[in-house]
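Q: Could you take me through this model and, for each label put on it, set out the reasoning from the value to the conclusion?

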Amino acid sequence: MAKRSVWSDNRFWQRSAAWVTGFAAVLLIWLTFDTSAQISMGTDADLKNGVTKRVPGPTVINYKITYEMDTKRGHEIPVIGEKELFFGRDDYSEEEAGALLHLGKLGSQVKNCMDCHTLLGNGAYYAPDLTKAWLDPAWGPEGSLQAMTGKETKEEAMAEFLQHPSQYPTHERMMPNLGITAEEAKGLVSFLKHMSSIDTNGFPRNFGKIQGAVHGK
Ligand code: HEC
């Protein structure tokens, strides 16, 4: 019998197909479980015990968040630090913080922030990416926005801006007034603060154009 090359052997290809399919199925199942574990929200206990989660629990709003370069990973990551006051308190319970985040999330959907902004990779780029807006130095003590809004904390400055954006033209495009109430603004700022604490593998790299921008035209 003539010797046949393995490449023209049907059984070889059938077996290969079965192995590749089997391997891919196992890999996908493993990745699914791995991803679910990575993106499941942490708890208040995690935060208290210093357990790092990609998506920290809602009570992360009780803590200071900074964006620091991780040389090993080659990009910035959110780092959760000491407790800090947020709208005058640093002791929001899991329920209270969860309720604020929920209000903010619903608010962001009702007012359709994604129509102009991007949140966690979804939305538009007409206006600055909001994923890390809370960490934008422009809102911090060195930035210009606290003075511009006449407020002394980051959260109050942001909440004020959200309620009256058209009063504060910071660059060539202006955010329209969306009729956001004080309570909704508080929820939205909590939502933005929590979102900024999510480890997004360094995405997005930069902050919005709002930093160092000049008065609107
Ligand atoms: C119609 C478009 C539009 C919608 C809808 C919109 N914004 Fe804006 N937003 C803008 C523009 C434009 C700017 C830049 C304004 C400026 O620099 O003066 C901005 C700026 C901001 C900033 C400051 C950006 C920064 O880098 O910190 C925040 C925070 C913000 N918007 C939050 C929101 C939230 C929250 C919503 C939804 C409730 C929302 N926006 C809906 C257009 C929009």
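A: Helices here are DSSP runs of H or I with at least four residues, numbered from the N terminus, and on that footing Met158 lies in helix α5. The model is a predicted one, and its elements comprise six helices and four strands, in the order α-α-β-β-α-β-β-α-α-α from the N terminus on.

Q: Why does Met158 count as buried?

A: The cut-off for a buried residue is 20 or more other C-beta atoms within 10 Å, and Met158 counts as buried because it has 24 C-beta neighbours inside 10 Å. Leaving aside neighbours within four places in sequence, Met158 is in contact with Trp139 and Val189. Met158 and Lys186 are 28 residues apart in sequence, while their C-alpha atoms are 8.9 Å apart in space.

Q: What makes α5 a mostly covered helix?

A: Eight of the ten residues of α5 are buried, among them Lys154, Glu155, Phe161 and Leu162. The buried residues of α5 pack against α4 and α6.

Q: What makes a group of residues the largest nonpolar core, and which of its members have the most contacts inside it?

A: A nonpolar core is a set of buried residues of nonpolar types such as Ala, Val, Leu and Met, joined through C-beta atoms within 7 Å; the largest one here has 27 residues, and those with the most contacts inside it are Met158, Leu162, Ala185, Leu188, Val189 and Leu192. The elements that give two or more residues to this core are α3, α5 and α6, and α6 gives the most, with six residues. Leu192, one of the residues with the most contacts inside the core, touches Leu130, Ala133 and Trp134 when residues up to four places away in sequence are not counted. In soluble globular proteins, nonpolar side chains tend to be buried together.

Q: How do you know that the buried residues of α3 line one face of the helix?

A: In α3, the buried residues are Ala97, Leu100, Leu101, Gly104, Gly107 and Ser108. Seen down the axis of α3, these buried residues fall within an arc of 120°, and so they line one face of the helix. On the other side of α3, Glu95, Gln109 and Val110 are exposed, whereas the buried residues pack against β3 and α6.

Q: How does the reach of α3 compare with the span expected at 1.5 Å a residue?

A: From its first C-alpha to its last, α3, with 17 residues, reaches 24 Å, and this is close to the 24 Å expected. Just after α3, Asn112 takes a positive phi of about 50°.

Q: Why is Phe87 called partly exposed, and why is Asn201 called exposed?

A: A residue is exposed with 12 or fewer other C-beta atoms within 10 Å, buried with 20 or more, and partly exposed in between. Phe87 has 15 such atoms and is therefore partly exposed, while Asn201, with 9 C-beta neighbours inside 10 Å, counts as exposed. Phe87 is found in the loop between β2 and α3, and Asn201 lies in the segment after α6.

Q: What backbone values set Phe87, Asn201 and the bond between Phe203 and Pro204 apart for comment?

A: Most residues other than glycine have a negative phi, and most peptide bonds are trans. Phi of Phe87 is near 50°, a positive value in a residue other than glycine, and Asn201 has a positive phi of about 55° although it is not a glycine. A cis peptide bond, with omega about -15°, joins Phe203 and Pro204, and Pro204 is found in the segment after α6.

Q: How does the radius of gyration of the protein compare with that of a compact globule of 217 residues?

A: Such a globule would have a radius of gyration near 17 Å, but the protein has 23 Å. Along its principal axes the C-alpha trace spans about 90 × 45 × 35 Å, and 28% of the 217 residues count as buried.

Q: How much confidence does the predictor place in the model, and where does pLDDT stay under 50?

A: On a scale from 0 to 100, the mean pLDDT of the protein is 91, and 93% of its residues reach 70 or more. Over residues 209-217, however, pLDDT stays under 50, and the model has 20 contacts beyond four places in sequence for those residues.

Note on methods: Residues numbered from 1 in each chain as written. Predicted model: local features only at pLDDT ≥ 70, side-chain atom pairs only at ≥ 80, totals over all residues. Contact = placed C-beta atoms within 7 Å. Expected span 1.5 Å × (residues − 1). Arc of directions from axis to C-beta. Rg over C-alpha atoms; globule rule 2.2 N^0.38 Å.
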